[in-house]
Structures are given as C-alpha cells and as structure tokens.
Amino acid sequence: MEFAYLGPRGTFTEAALRRLPAAKGATATPMPSIVDVLDAVRRGDVDAGFVPIENSQEGTVTLTVDELVGGDPLVIVGEVVLPVTFVLASEKPLAEIATVASMPVAIAQVRRFLRRELPNAVVHQALSTAQAAQRVVDGEFDAAVCPPFAAEAVGLPVQAYDIGDYANAETRFVHVVRPTSPPEPSGNDITSLVVYIDYDRVGALLGVLTELAVRGINLTRIESRPTGEGLGRYAFFLDCTGHLADARMGEALMGLRRICADVRYLGSYPRGHSDLPVPPPEGLSDADFADAAAWLDRLRGGGA
C-alpha cells in the first residue's frame, strides 16, 4: 500500500497521515502539491492520496475541492481531523525579519500576529509549511510560519510559539482513492457530493436542499465552486451526515439525480471528529424507511 501526501516531510499532512488507521505500515511518499498527489492517484502511480480539505478558521482548501469537483472522479474513504498550532521559525529576531513565507491557508490563520508583530514584513507563498521552513534555511526568506515539528526538522530556532489567531484551530484531511465501494457504515458517517444545478432555473438550489431535508439528512457543509463555464455557473460541494447504505441517503441521492443536471458522488466514510451525528426527525430513521418500504411491498402484493 502506497500513499502520496502533501509534502515535503514535516507538514501537518504527514502528521495527520500517521493518525490514519489505513496508513499503518504503508509507504508514504511526499509530493510537492495537492494536484500532484491527486494526479498520482488518478494515474494509478499510488494506491491512495492524503490531502487537506478544510480548516476550522479559513474554511475550504479550495485546490482540493476544485480537484474533486472537476477532473477524473475520485472518492473519499476516510478522514482525519488534526489540531494545528503554528510557530514563527527564523534565525533572526523579530525586529530583523523582513520576509515571511508559508502556504496560504497557514498565513490566513496568523494574520493578527503578523499585523501586530511584523506589520512591515512582506509575506510570500509556499506550497507547504515545511517547504517554507526549508526555504528559510536555504536563505530565500527570513522566517516561516510552520508547525513546531517542521522547524525542528530543519534546525530552525523558534522566535514565537502559538501564533495562531484561534487556540482551537483544526484542519480536516481526507483519504482519497480511485472510485470504489465505500467502507461499511460506522454509525457516524459523512457522505460527500457535488451537485450541478440548472443555473437558469428558479429554486434549483432550494430543490436540492429539500431532497435532503424531507428525508431527515443533516447538511453539515455546502459551498459553491465555479465550474469554469462562465459567470454564474456553479457546482455545489455538500457534506451530509449518513452513509450510502442508509435507506434515506439512497432515496435522497435518487431524488437529486432526478432534479439536478448532474451529481458526483464523492464517498461515504467515517467521521474523523468526535461530534455525534444529529439524529433524524421522528418518522425519518432507517427503521421508519424500512417499515414504509415493507408496507408498500405488501400493498403491491395484494396485502394490507
């Protein structure tokens, strides 16, 4: 089993990958970008990919979502939610730092610190926090925003600890493979979808939400992403509680298939967070769906 992940070594992605049960004993290959990881999975160069998809402060990692919305289909079969903390790593004291590097999602999580402590520093983008730390060692930049273990890995001193704007920041990472059947239901699962609606039809998005709501499916996340076909043309990325094997989820997917221009199934997988699922409203549990289906079968068979 070989995993590709967003490298280089020393990233939050690598730390999260160590927590993924499916990766125990697997070969882990770092790659320079999210696109490289997902393309390697698509080509079959590796068995699986592992990439960030969402942050509790900055929101979506748009590159990951856009790659899942477009391109050859991939599915998510697992996730890890990792607490994240940042340091400012540099050989120089704060007063001498003129340039800072990190990946955009990390920079966004330390804006207050940078405005307060380094208001005149020029911020540069890197492909990862670990790469930013290495580029500081190489003399390209004065300082890096990175996790403490990334600074330690390249031998950079830490000038400031816990510089994130929010103490309880978390990042969500996903285990991605080529299309396959989902893991067995765990009782606390997420189903991810992309729906493409008719952009010129009144109430098109409301119709999507209704298909979920009337079946008691809790929508935990929705985000619009441009399709690239022109202004106003969007696809919607959805995370819903439940599993493909659930009767109510199956009915909702059939409903979406009927009313949407297209639906891309992105996987059903166990949640990486300890939050319990929201229970379905009365009359909308899987048992209720099974009972209603059995009743309908009896009617069609001439029973009562």
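Where does Pro 8 sit in this chain? Pro 8 lies in the loop between β1 (2–6) and α1 (12–17), where helices (H or I, at least four residues) and strands (E, at least two) are DSSP runs numbered from the N terminus. Before I go on, please keep in mind that this is a predicted model, in which local features need pLDDT of at least 70 and side-chain atom pairs count only at pLDDT 80 or more, while totals for chains, interfaces and linings use all residues. Residues are numbered from 1 along each chain as its sequence is written, and side-chain values use heavy atoms, with hydrogens and water left out.

Coming back to that loop, the peptide bond that joins Gly 7 to Pro 8 is cis, with omega about 0 degrees.

Let me turn to the sheet. It is an open one, made of 5 strands in the order β8-β7-β9-β6-β10 with mixed pairing, where two strands pair if DSSP finds at least two bridges between them. Because β8 (122–125) and β10 stand at the edges with a single partner strand each, one side of each has no neighbour in the sheet. From one strand to the next, the twist averages 35 degrees, with axes being lines fitted to C-alpha atoms, for helices over the stretch in contact, and angles running from 0 to 180 degrees between N-to-C directions.

Helix α6 (residues 129–137) packs on this sheet and touches β6 (87–90), β7, β8 and β9, contact meaning heavy atoms within 4.5 Å; the direction of α6 makes about 160 degrees with that of β9. Strands β7 (residues 99–102) and β9 (residues 143–146) run parallel and are joined by 2 bridges.
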